[in-house]
Amino acid sequence: MVTFLPSRPGRLADVPSFDRAIGGAESNVACTLARAGHTARWISRVGADGFGDHLLTAIADCGVDVSHARRDPLRPTGVYFRTAGDRGTDAHEVAYYRAGSAASAMSAATMDLAAIRAGRVLHLSGITAALSADCLGLLRELTGSRPAAGRPLVSFDVNHRPGLWQGADDARVLLDLARGADLVFVGEDEAAEAWGITGGPDALRAALPEPATLVVKRGAAGAVAYDSRGGRHTEPAPRVDVVAAVGAGDAFAAGYLSATLRGLPVPTRVRHGHLWAAAVLTVPGDLTPPPSRAHADRLAALGEAAWGTLHLGPGWTKATTADERAVEEVSTP
C-alpha cells in the first residue's frame with residue numbers, strides 16, 4: 001500500500017500536508033533483504049492506478065523481483081495515513097483505507113501459489129490476515145500442512161494492528177496462524193493486547209510450542225529466541241538514539257532472516273535483527289538500507305560485555321573500519 005507521512009507532528013486533523021512513501025510489512029522486509037544482497041521476490045496485488053505504478057517501481061528499485069505481482073483493474077491500491085508519533089503512544093493515529101483494495105482480494109485462487117512457495121523462506125504478516133476473509137484463507141493455506149515436503153521455511157510476523165480488526169477476539173486467529181509457521185516474530189506487548197498472554201517470553205513459548213523458532217521482541221529490553229532444541233537465547237538490544245520509532249519490527253525480521261539464510265547461530269541472528277532495527281530507528285523513515293554485512297558481522301561478534309555497552313546513533317551504519325575498531329575499543333570495559 002501507499003503510505004502518507006505527515007509533514008510535521010500533530011493530529012491528523014491538523015497536519016496540512018503529507019509525503020508519499022511505500023508501506024507494507026512484507027514489502028519492507030523484501031526491500032531490506034534485497035538491499036543487503038539477497039534475492040527477494042514480492043508477490044501481491046495492486047490496483048491498475050498511479051499508486052500501483054509507484055509501488056511496483058519503488059519496490060523494484062530496491063532490487064526486489066515484482067514480476068509476480070498482479071494488477072487489479074477493478075480495485076484500487078490501498079493507502080493509509082499516519083501521524084509522526086510512535087505507534088506505542090496514545091497520540092499515534094493511523095487511518096487505513098484498505099477495504100475493497102486490490103490486496104484485499106488476495107486468495108488461494110487469485111495468487112500463484114507455486115511462485116509464493118518457490119523461495120527458501122516465505123515471509124508472511126498477520127496484517128494480511130486482517131484484510132479480508134479471502135486473505136485469511138490464503139494465509140491458512142500457506143501456514144497449514146506442516147511439515148510439508150518442499151515447503152519453504154515459513155516466517156510469520158504477528159504484526160497485530162488493532163485498527164484492522166473488528167471484534168475484540170478477532171485477532172486470536174493470529175495465534176492459530178502462528179502455530180502453523182516455522183519461525184514466529186511477536187512482540188511481548190502485542191501478545192498481551194491481541195491474546196491476553198502475559199507472564200513474559202516463557203509464557204508465550206508455552207502458548208506457542210509448535211513453531212521450531214519463536215522470537216519474542218521486548219523493545220529496548222532486547223529479544224528472547226527459542227529454538228527447536230529447547231534452547232533459550234536472550235540478547236539485549238544495543239542502546240539506540242531513536243530518531244523515529246517506526247519500521248523497526250520489519251527491519252528486525254529482515255536482519256534475523258538474513259542471518260538465517262547465512263546459517264549463522266541463533267544468538268547471532270538475534271543480534272543482526274537488533275542491528276538492522278537500529279539502522280531504521282536512527283533515520284526519519286521506516287525503510288532504510290541495512291548496515292553492510294562486514295560492519296554488522298563485526299558488531300555482532302562483540303563479546304557480551306562490549307555488546308552490552310554498544311551505543312548507536314544517527315549515521316552509525318556509515319562508519320569506517322577505523323570507526324568500527326574504535327567502537328569495539330570504547331565498548332569494551
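**Cysteines, nonpolar cores and the position of T268**

In this predicted model, C62 is buried, with a relative accessible area of 11%. C31 is likewise buried, and its relative accessible area is 0%. A search of the whole structure returned 0 disulfides. For C31, the nearest cysteine sulfur is that of C62, at 3.6 Å, and C31 takes part in no disulfide. Reciprocally, the nearest cysteine sulfur to C62 is that of C31, 3.6 Å away, and C62 is in no disulfide. The pair is not assigned as a disulfide because the sulfur atoms would have to lie within 2.5 Å.

In soluble globular proteins, nonpolar side chains tend to be buried together. The largest nonpolar core of the model comprises 44 residues. Within this core, the residues with the most contacts are F156, W165, L174, V186, W195, L204 and L214. The surroundings of L204 were examined with its neighbours within four places in sequence left aside. On that basis, L204 is in contact with V186, E188, A191, W195, I197, L214 and V216. Of these partners, V186, W195 and L214 are themselves listed among the core residues with the most contacts. A second core, separate from the largest, contains 31 residues, including L183, A253, Y256 and L275.

T268 is located in helix 10, which spans residues 266–281. The residue is partly exposed, with a relative accessible area of 22%. T268 and H233 are separated by 35 residues in sequence, and their C-alpha atoms lie 9.8 Å apart in space.

Conventions. Residues are numbered from 1 along each chain as its sequence is written. This is a predicted model: local features need pLDDT of at least 70, side-chain atom pairs count only at pLDDT 80 or more; totals for chains, interfaces and linings use all residues. Side-chain values use heavy atoms; hydrogens and water are left out. Buried means under 20% relative accessible area, exposed over 50%, partly exposed in between (1.4 Å probe, protein chains only). A nonpolar core is a set of buried Ala, Val, Leu, Ile, Met, Phe, Trp, Tyr and Cys residues joined through side-chain atoms within 4.5 Å. Contact means heavy atoms within 4.5 Å. Helices (H or I, at least four residues) and strands (E, at least two) are DSSP runs, numbered from the N terminus.
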